[in-house]
Amino acid sequence: MQTGALPLDWKDALVVPIHKGGDKHAVENYIPVSLTSLSCKVFEHILYSNIIAHLKSNNLLASQQHGFSKNLSCETQATALLHDLCRSMDNKKQVDAIFLDFSKAFDRVSHVILIEKLKIFALNLKCINVIKNFLSDRRQMVVVGGNNSTMKPVTSGVPQGSVLGPLLFLLFVNDLCQNLSSNIRLFADDTVLYREISSAEDHSILQSDLDKIAKWCEENKMSLNVTKCKVMNVCRLHAVSGFDYTLNDCILETVSKYKYLGIFITSNLSWDTHVNYICSRANRSLGFIKRQLGKCSPEIKLKAYTTLVRPHLEYASCAWDPNSSTLIDVLEMVQHRAARFILHKYSRFESVTDMLKELDLSELHIRRKNARLCLFYKIHYKLTPLATPEQLSLKATQRRTDNGVSYQHFKCHTDPFYSSFFPWTVRDWNSLPADSVTLTSLDLFSSVLASSKKPE
């Protein structure tokens with residue numbers, strides 16, 4: 001810290017490319033994760049903890065950013081976004097959402113621009129000098145199949161796989177949210193810009209905000225992948241107000257569904273597409289387990305199911321928990337097939353309910369309900385900085401049958417809003433007994449929910 005210099009061998013990295021989807025022969029479909037010095041990571045943790053404490057105490061980070069932030073996640077970001085979309089649909093409004101895709105965002109961060117931005121956050125000068133040195137004179141080699149490339153200098157970007165890298169990226173894009181009239185949400189570089197459309201002027205304002213983002217990219221030497229940027233008209237109106245949004249003189253494609261943060265969002269806010277997608281992935285994983293572990297013990301099969309299959313069915317479920325009995329059954333059938341495989345009971349006369357009880361597996365819809373209630377517990381006791389809607393408020397008068405911390409119900413006119421996170425979970429929260437909602441820890445609250453909802 002005194003010299004502002006790090007040892008050179010702390011700044012060498014082994015880059016392992018991780019495939020993120022698409023053509024495996026295309027370089028752009030890989031994330032370059034850096035394996036860096038452990039000694040350097042310890043030092044980075046010291047810097048990180050002090051920098052983040054400074055940022056939070058002075059409220060310097062954009063509230064729209066949920067990436068790499070404590071007690072925020074893809075789930076909280078998707079939950080907040082979908083609440084806005086469902087509420088607008090409930091009010092018979094159209095929302096135009098523009099999903100933006102940055103091209104190699106982490107690798108394009110300009111070191112010179114980043115250092116200038118760090119000064120805006122009033123960081124200690126010695127700290128800035130250390131970060132400047134941390135970013136300079138970096139070298140990396142790519143490791144593929146046990147073979148190493150030659151060492152090459154790194155002149156831009158923040159190292160993915162380091163401790164400071166994600167935080168530096170957040171500070172770099174922090175001002176992207178400024179001076180916009182429309183709503184914007186970010187999870188690292190995953191960005192969605194959206195606005196309610198009531199008139200032609202709203203289209204123009206949204207286009208103007210899109211132009212501001214394009215200008216920001218130009219000034220900060222970032223690049224948007226125009227072919228992957230999409231527009232979605234979210235509504236259930238018969239007459240949709242159309243508009244050709246342009247980015248860098250290219251008209252953006254309008255789509256009826258988009259995969260955002262691993263969740264398929266559709267223009268009518270139904271969950272058929274997403275449920276079918278995650279069930280397909282879960283079934284493929286289950287098929288793999290059946291082929292590889294067919295002769296293993298039930299204990300190993302159960303562990304493989306809960307580790308490799310069930311997470312596909314529950315990822316960010318607070319944001320998309322379906323209310324349709326058809327979709328609920330489609331999800332449950334995956335677990336039913338897994339239970340038969342684990343216990344090797346395939347007779348149609350065998351009760352799946354008894355199997356789930358024997359395996360101590362709760363039904364998936366109950367687990368999703370408990371997950372929603374746990375997130376609401378964190379919101380109620382301010383364990384997460386997730387911004388809540390204005391309509392969320394405690395009842396002015398707690399009746400004798402209330403649990404003491406009951407909330408006002410949301411007025412809903414459409415099923416998407418009725419079954420969205422806040423309206424649905426408020427109803428579930430209000431039905432809990434007082435001795436549950438007043439528990440003093442999240443772990444205790446979660447365990448009480450789990451123990452009280454086993455299959456009978």
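**Figure 1. D402 and its surroundings in the loop between α12 and α13 of the predicted model.** At 17% relative accessibility, D402 counts as buried, because the threshold for that class is set at under 20%. The residue is placed in the loop that runs between α12 and α13. When residues up to four places away in sequence are not counted, D402 touches K395 and T397. The view also takes in S431, which is 29 residues from D402 along the chain, with 7.8 Å separating the C-alpha atoms of the two residues.

**Figure 2. S406, a further residue of the loop between α12 (364–380) and α13 (415–418).** S406 is buried, and its relative accessible area is 0%. Leaving aside the neighbours within four places in sequence, the residues in contact with S406 are L394, K395, Q398 and N430. K395 thus appears in this view as a contact of S406, and K395 is also touched by D402.

**Figure 3. I98 in strand β3 and its contacts with residues elsewhere in the sequence.** Strand β3 covers residues 94–100 and includes I98, a buried residue with a relative accessible area of 0%. Apart from its neighbours within four places in sequence, I98 is in contact with T191, V192, L193, L206, L210, K230, V231, Y245 and L252. Q207 is 109 residues away from I98 along the chain, and the C-alpha atoms of these two residues are separated by 9.8 Å.

**Figure 4. Cysteines C86 and C318 in a structure that holds 0 disulfides.** The structure holds 0 disulfides, and C86 accordingly takes part in none, the nearest cysteine sulfur being that of C412, 9.6 Å away. C86 is buried, with a relative accessible area of 5%. For C318, the closest cysteine sulfur belongs to C374 and lies 8.2 Å from its own, which is too far for a bond because a disulfide requires sulfur atoms within 2.5 Å. C318 is buried as well, at a relative accessible area of 3%.

**Figure 5. Positive phi values at N71 and A188.** Most residues other than glycine have a negative phi. N71, which is not a glycine, has a positive phi near 65 degrees; this residue lies in the loop between α1 (38–57) and α2 (74–90) and, at 40% relative accessibility, counts as partly exposed. A188, likewise not a glycine, has a positive phi of about 60 degrees and is placed in the loop between β7 (183–187) and β8 (190–197). A188 is buried, with a relative accessible area of 5%.

**Figure 6. The whole protein, given as context for the close-up views, with 16 helices and 14 strands.** The secondary structure comes to 16 helices and 14 strands, and the radius of gyration of 24 Å is close to the 23 Å that the globule rule gives for 456 residues, so the protein is as compact as a globular protein of that length. Taken along the principal axes, the box filled by the C-alpha atoms is roughly 70 × 60 × 45 Å. Of the 456 residues, 48% count as buried, and among contacts with a separation of 6 or more, 69% are accounted for by residues 24 or more positions apart. The protein exposes about 22,900 Å², of which carbon and sulfur atoms supply 52%, while the mean positions of its 54 positive and 44 negative charges are 4 Å apart.

Key: Residues numbered from 1 in each chain as written. Predicted model: local features only at pLDDT ≥ 70, side-chain atom pairs only at ≥ 80, totals over all residues. Heavy atoms only, no water. Helix = DSSP H or I, 4+ residues; strand = E, 2+ residues; numbered from the N terminus. Buried < 20%, exposed > 50% of the residue type's maximum accessible area, 1.4 Å probe, protein only. Contact = heavy atoms within 4.5 Å. Rg over C-alpha atoms; globule rule 2.2 N^0.38 Å. Areas by Shrake-Rupley, 256 points an atom, 1.4 Å probe, with all protein chains shown as cover. Lys, Arg positive; Asp, Glu negative; His and termini not counted. Charge placed at Lys NZ, Arg CZ, Asp CG, Glu CD.
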